[in-house]
Amino acid sequence: MQILLGAAFAAVIALVAYRAGVLSAGGAAAAFVVGAIVFGAQGWPGAAVLFAFFLPSTLLSRLGASRKRALRELAKQGPRDAWQVLANGGAAAVAAILALHGGPRFACAFAGAFAAASADTWGTEIGTLSRRPPLRALTLRAVSPGMSGGITPLGTLATLAGALCVALVARLAGVAPFWPVAIAGVAGAALDSLLGASLQATRWCPSCARECETNPHDCGTPTQLRRGLRWLENDGVNLAATLCGALSAFALAGLT
Ligand SMILES: [Zn+2]
């Protein structure tokens, strides 16, 4: 019964997000699967944790939209596609299933995965608006706003807030204790920044004469690899970050 209710509920949310231009058709399909699994396996408390990630992230992506468009034609823009949804929600969905029989540590991993996705999204969406030029994590050299691996004081504060938001809701909903989830969220976002500054593919658009992260660039020109691993793009880094959040929360839950 709960699975049917969860599927219906997830379908409504995915459809609304699709109509609002937040998700592509593929993204809506992936969100439906993730939402149905989370709700079906974890009920309303799990859905509350999902929303603690999804709602603020969606609103924040709209914040300062015109400035962001001007700044970063580099990362993927527009509606979230299926890979982006799975990179952010896939680890949490798997943990939600494992928590059915595996117990509270898996529930903590579930919340930790969303805390990492939330921390990273808040850090990116708010940090991009920083007036201060971002520095590349690891080298602390200046980097173009919006490029992965760039950090600002404002973005770092937002990262903490994003992790705390999910941790608070997870605690209030009775899904998981506060600190393991909060710390796991920050750990996941930190890994995201480190990978973004090191192994993630950085590309060069010859016609715009600027660095970017996609091939082709938004302008349509094919781009060349400059640094990093050809196959490691934003979605792969996000997946690593949410897995890190899940594993950290799982490990920390064993300590409390
Ligand atoms: Zn270009």
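In this predicted model, a convenient place to start is strand β5, where Gln-224 is the bridge partner of Trp-204. The pairing to which this bridge belongs joins β5 with strand β3, which covers residues 202–205, and the two strands run in the antiparallel sense over three bridges.

Strand β3 also pairs with β4, again in the antiparallel sense and over three bridges, and here Arg-203 has Cys-212 in β4 as its bridge partner. The hairpin of β3 and β4 has four residues between the strands, and within this hairpin Ala-209 takes a positive phi near 55°. Taken together, the three strands form an open sheet in the order β4-β3-β5, with antiparallel pairing. The edge strands are β4 and β5, each of which pairs on one side only, and from one strand to the next the twist averages 45°. Strands of a sheet pair through backbone hydrogen bonds, either parallel or antiparallel.

The two pairings of this sheet can be set side by side.

| Strand pair | Sense | Bridges | A bridge pair |
|---|---|---|---|
| β3 and β5 | antiparallel | three bridges | Trp-204 and Gln-224 |
| β3 and β4 | antiparallel | three bridges | Arg-203 and Cys-212 |

Turning to the helices, α2 (residues 25–62) and α5 (residues 104–127) pack at an angle of about 10°, with their axes 8 Å apart. Angles under 35 degrees count as roughly parallel, and α2 and α5 are therefore roughly parallel to each other. In their contact, residues of α2 including Val-49, Leu-50, Phe-53 and Leu-60 meet residues of α5, among them Phe-110, Phe-114, Trp-122 and Ile-126. The residues of this contact of α2 with α5 divide into 11 nonpolar, six polar and one charged.

Helix α4, which spans residues 82–102, is not straight throughout, for this helix bends by about 50° at Gly-89. After α4 comes Gly-103, whose phi is positive, near 95°.

For the chain as a whole, the secondary structure comes to eight helices and five strands, and along the sequence these elements follow the pattern α-α-α-α-α-β-β-α-α-β-β-β-α. The radius of gyration of the chain is 18 Å, close to the 18 Å that the globule rule gives for 256 residues, so the chain is as compact as a globular protein of that length. Taken along the principal axes, the box that the C-alpha atoms fill is roughly 55 × 40 × 30 Å.

Terms used
Residues are numbered from 1 along each chain as its sequence is written. This is a predicted model: local features need pLDDT of at least 70, side-chain atom pairs count only at pLDDT 80 or more; totals for chains, interfaces and linings use all residues. Two strands pair if DSSP finds at least two bridges between them. Axes are lines fitted to C-alpha atoms, for helices over the stretch in contact, and angles run from 0 to 180 degrees between N-to-C directions. Angles under 35 degrees count as roughly parallel, over 145 as roughly antiparallel, 65 to 115 as roughly perpendicular and the rest as oblique. Two residues are in contact if their C-beta atoms, placed from the backbone, lie within 7 Å. Ala, Val, Leu, Ile, Met, Phe, Trp, Tyr, Cys and Pro count as nonpolar, Asp, Glu, Lys and Arg as charged, and the others, Gly among them, as polar. The bend at a residue is the angle between axes fitted to the seven residues ending there and the seven starting there. The radius of gyration is taken over C-alpha atoms; the globule rule is 2.2 Å times the number of residues to the power 0.38.
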